[in-house]
Amino acid sequence: MVHVGEKAPDFVVPRADGDAYNDVAEFTLSEALGDGPIVLAFYPAAFTSGCTEEMCSFRDSMDAFEDLDAQVYGISVDLPFAQNIWIQEHDLNFSMLSDWNHDVIHQYDVVLEDMYGLVEAAQRSVFVLDDEGTVVYKWVRDGDNPDFDAFVMEVRDAVAEAAGE
């Protein structure tokens, strides 16, 4: 389990940016550090109602994160090609990271073992990292989904604190 105050585990995964031709780039967490706080928003699955509501709340609040030079990334076990379509369908304005081999959800200990009683997925959770990669905020779903708009503002406040504002 990754805790507040600890260094976030590094990882390399495919990154989906919603490219019309489904191009996929590589994302390395350690290479993204140093350009402002990073928000890793784990979600169970693209195209589901709760995940769509959550990611659209991040989309609608992106100006607040950009004002703090924060980078927001959604992360799930979906393939990047599916994430690209989902980004396009909902005009998501941030990248999705594909943990298709499930390594990252195990590193961060946010495994939802039996989504719909069938598959292993990411447990809805958020980690905010400072410039050095230290976890400064952590939330892991326990029970019902939160009010996503209020929750995103709580995450934004943690980002502001990490940015020293």
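In the predicted model, 7 strands form an open sheet in which the order is β2-β1-β5-β4-β3-β8-β9 and the pairing is mixed. The edges of this sheet are occupied by β2 (24-28) and β9, each of which has a single partner strand, so that one side of each is left without a neighbour in the sheet. Between neighbouring strands the average turn, with direction ignored, is 25°.

The mixed character of the pairing can be followed through β3 and the strands beside it. On one side, β3 and β8 run antiparallel and are joined by 5 bridges, and within this pairing Val-39 has Val-128 of β8 as its bridge partner. Helix α2 packs on the sheet, where it touches β3, β4 (71-76), β5 (95-98) and β8, and its direction makes about 160° with that of β3. Helix α4 (residues 80-89) likewise packs on the sheet, in this case touching β1 (12-16), β2, β4 and β5, with a direction that makes about 160° with that of β5. On the other side of β3, 5 bridges join this strand to β4, and the two run parallel; here Val-39 stands opposite Val-72 in β4. Strand β4 is in turn joined to β5 by 4 bridges, again in a parallel arrangement, and the bridge partner of Ile-75 in β5 is Leu-97.

Strand β4 is mostly covered, given that 6 of its 6 residues are buried. Gln-71, Tyr-73 and Ile-75 point one way from the strand, while Val-72, Gly-74 and Ser-76 point the other way, and the residues of both sets are buried. Gln-71, placed in strand β4, merits a separate description. With a relative accessibility of 17%, Gln-71 counts as buried, because the cut-off for that class is under 20%. A polar atom of the Gln-71 side chain lies 3.1 Å from the backbone oxygen of Ala-32, and the side chain of Gln-71 also makes a polar contact, at 2.7 Å, with the side chain of Tyr-73. When neighbours within four places in sequence are left aside, the residues in contact with Gln-71 are Ala-32, Asp-35, Gly-36, Pro-37, Ile-38 and Val-39.

Aromatic side chains provide a further set of links between elements, with 11 aromatic pairs in the structure. One of these pairs is formed by Phe-11 and Phe-27, whose rings are 5.9 Å apart centre to centre with 40° between the planes, a tilted arrangement. Since Phe-11 lies in the segment before β1 and Phe-27 in strand β2, the pair ties together parts that are 16 residues apart in sequence. Phe-11 is buried at a relative accessible area of 5%, and Phe-27 is buried at 4%. For Tyr-43 and Trp-86, the ring centres are 5.0 Å apart and the planes stand at 35°, so this pair is also tilted. Tyr-43 belongs to the loop between β3 and α2 and Trp-86 to helix α4, and the pair therefore ties together parts that are 43 residues apart in sequence. Both Tyr-43 and Trp-86 are buried. One aromatic cluster is made up of Phe-11, Phe-27, Phe-42, Tyr-73, Tyr-108 and Phe-127; Tyr-73 of this cluster is the residue whose side chain makes the polar contact with that of Gln-71.

Helix α6 (residues 148-162) was examined for its length, its ends and its covering. At 1.5 Å a residue, the 15 residues of this helix should span 21 Å, and the end C-alpha atoms are 21 Å apart, which agrees with that expectation. At the start of α6, a side-chain oxygen of Asp-147 reaches to within 3.2 Å of the backbone nitrogen of Asp-149, while after the helix comes Gly-164, which has a positive phi, near 80°. The buried residues of α6 are Phe-148, Phe-151, Val-152, Val-155, Ala-158, Val-159 and Ala-160. In an α-helix there are 3.6 residues a turn, so residues three or four places apart point the same way. The elements that cover the buried residues of α6 include β3 (38-42), α2 (49-60), α3 (62-66), β8 (125-129) and β9 (135-140).

Definitions and conventions:
Residues numbered from 1 in each chain as written. Predicted model: local features only at pLDDT ≥ 70, side-chain atom pairs only at ≥ 80, totals over all residues. Heavy atoms only, no water. Expected span 1.5 Å × (residues − 1). Buried < 20%, exposed > 50% of the residue type's maximum accessible area, 1.4 Å probe, protein only. Contact = heavy atoms within 4.5 Å. Polar contact = N/O pair within 3.5 Å; in protein donor to acceptor, adjacent residues only side chain to side chain. Pairing = 2+ DSSP bridges. Axes fitted to C-alpha atoms, helices over the stretch in contact; angles between N-to-C directions. Phe/Tyr/Trp six-rings, centres within 6.5 Å; stacked < 30°, edge-to-face > 60°.
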